[in-house]
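This briefing is intended for a reader who has not met this structure before. Please look over the sequence and the model before reading on.

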Amino acid sequence: MLTKDEIIATMSAQGLRITDQRKTLATLFSENEGYLSPKDVYEYMGKKYSGLSFDTVYRNLRVMQDLGVLEQVSFEDGMKFKVSCNEHHHHHHMICLSCQKTLPISFCPMQMTDPTDQFQIVEHKFEIFGYCKDCQQKNGHTESKSDGGFRQTSSHTHSHGGY
């Protein structure tokens with residue numbers, strides 16, 4: 001996970017003004033291991049900064065995502081954000097639906113595609129959702145599904161020059 005200082009340094013290196021609000025966002029995400037919805041962030045920030053608009057919070061989340069310091073994932077209850085992991089290579093994630101523990105997947109399914117000359121791939125998204133070992137034992141999530149016990153969605157963006 002990126003630290004508060006790494007998040008701030010990345011924003012600063014890209015020419016963003018480092019406001020108190022952006023420092024607070026960096027702290028919030030660097031200290032939170034789970035995923036936060038824009039509403040969660042807005043409610044947290046609203047306690048400290050009166051008059052802050054939802055649009056301002058959302059715009060900052062998008063900027064931080066574009067800079068690569070936040071990752072966005074689509075859950076059944078909406079989009080959520082999490083500080084980027086410190087993996088410096090291309091990867092995807094397995095995400096626990098109970099505790100939101102996130103584990104990296106080194107393998108990329110793009111290697112299995114066969115794009116034709118009829119289609120130019122510019123990015124792809126891939127996440128696997130299920131239950132981590134701890135949550136399986138704690139909550140009794142041991143039923144097996146035909147897809148290996150996981151629900152697949154496409155939601156994690158990775159850009160590849162041409163792929």
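The points below cover the packing of the helices and then the internal cavity.

The structure is a predicted model. Three helix pairs are described here: α1 with α2, α2 with α3, and α3 with α4. The cavity follows, with a volume of about 40 Å³.

**Helix α1 against helix α2**

- Helix α1 spans residues 4-13, and its axis lies 8 Å from that of α2, at an angle of about 140°.
- Angles over 145 degrees would count as roughly antiparallel, and α1 and α2 are therefore oblique to each other.
- The crossing in which α1 passes α2 is right-handed.
- On the α1 side the contact is made by Lys4, Ile7, Ile8 and Met11, and on the α2 side by Arg22, Lys23, Ala26, Thr27 and Ser30.
- By class, the residues of this contact comprise four nonpolar, two polar and three charged.

**Helix α2 against helix α3**

- Helix α2 covers residues 20-30 and helix α3 covers residues 38-48; the two pack at an angle of about 130°, and their axes are 11 Å apart.
- That angle makes α2 oblique to α3.
- The handedness of the crossing of α2 and α3 is right-handed.
- From α2, the residues in contact are Asp20, Gln21, Thr24, Leu25, Leu28 and Phe29, while α3 supplies Val41, Tyr44, Met45 and Lys48.
- Six nonpolar, two polar and two charged residues make up the contact of α2 with α3.

**Helix α3 against helix α4**

- The axes of α3 and α4 cross at roughly 120° and come within 9 Å.
- Angles of 65 to 115 degrees would count as roughly perpendicular, and α3 and α4 are therefore oblique to each other.
- Where α3 and α4 cross, the crossing is right-handed.
- In α3, the residues Pro38, Lys39, Val41 and Tyr42 meet Phe54, Val57, Tyr58 and Leu61 in α4.
- The contact of α3 with α4 has seven nonpolar residues, one charged residue and no polar residues.
- Val41 of α3 takes part in the contact with α4 and also in the contact with α2.

**The internal cavity**

- The structure holds one cavity of 30 Å³ or more.
- The volume of the largest cavity is about 40 Å³.
- Its lining consists of Gln21, Arg22, Leu25, Met45, Leu52, Thr56, Val57 and Asn60.
- Two or more lining residues come from each of α2 and α4, the latter being residues 54-66.
- The lining divides into four nonpolar, three polar and one charged residues.
- Several lining residues also belong to helix contacts: Gln21, Leu25 and Met45 line the cavity and take part in the contact of α2 with α3.
- Arg22 lines the cavity and belongs to the contact of α1 with α2.
- Val57, another lining residue, is one of the α4 residues that meet α3.

How values were computed
Residues numbered from 1 in each chain as written. Predicted model: local features only at pLDDT ≥ 70, side-chain atom pairs only at ≥ 80, totals over all residues. Heavy atoms only, no water. Axes fitted to C-alpha atoms, helices over the stretch in contact; angles between N-to-C directions. Helix = DSSP H or I, 4+ residues; strand = E, 2+ residues; numbered from the N terminus. Parallel < 35°, antiparallel > 145°, perpendicular 65-115°, else oblique. Left-handed = near helix turned anticlockwise from the far one by under 90°. Contact = heavy atoms within 4.5 Å. Nonpolar A, V, L, I, M, F, W, Y, C, P; charged D, E, K, R; others polar. 1 Å grid on protein atoms, 1.4 Å probe; cavity = no way out; pocket = protein on both sides within 12 Å on 5 of 7 lines; lining within 4 Å. Points joined across faces, edges and corners; volume = space filled by probe spheres on them.
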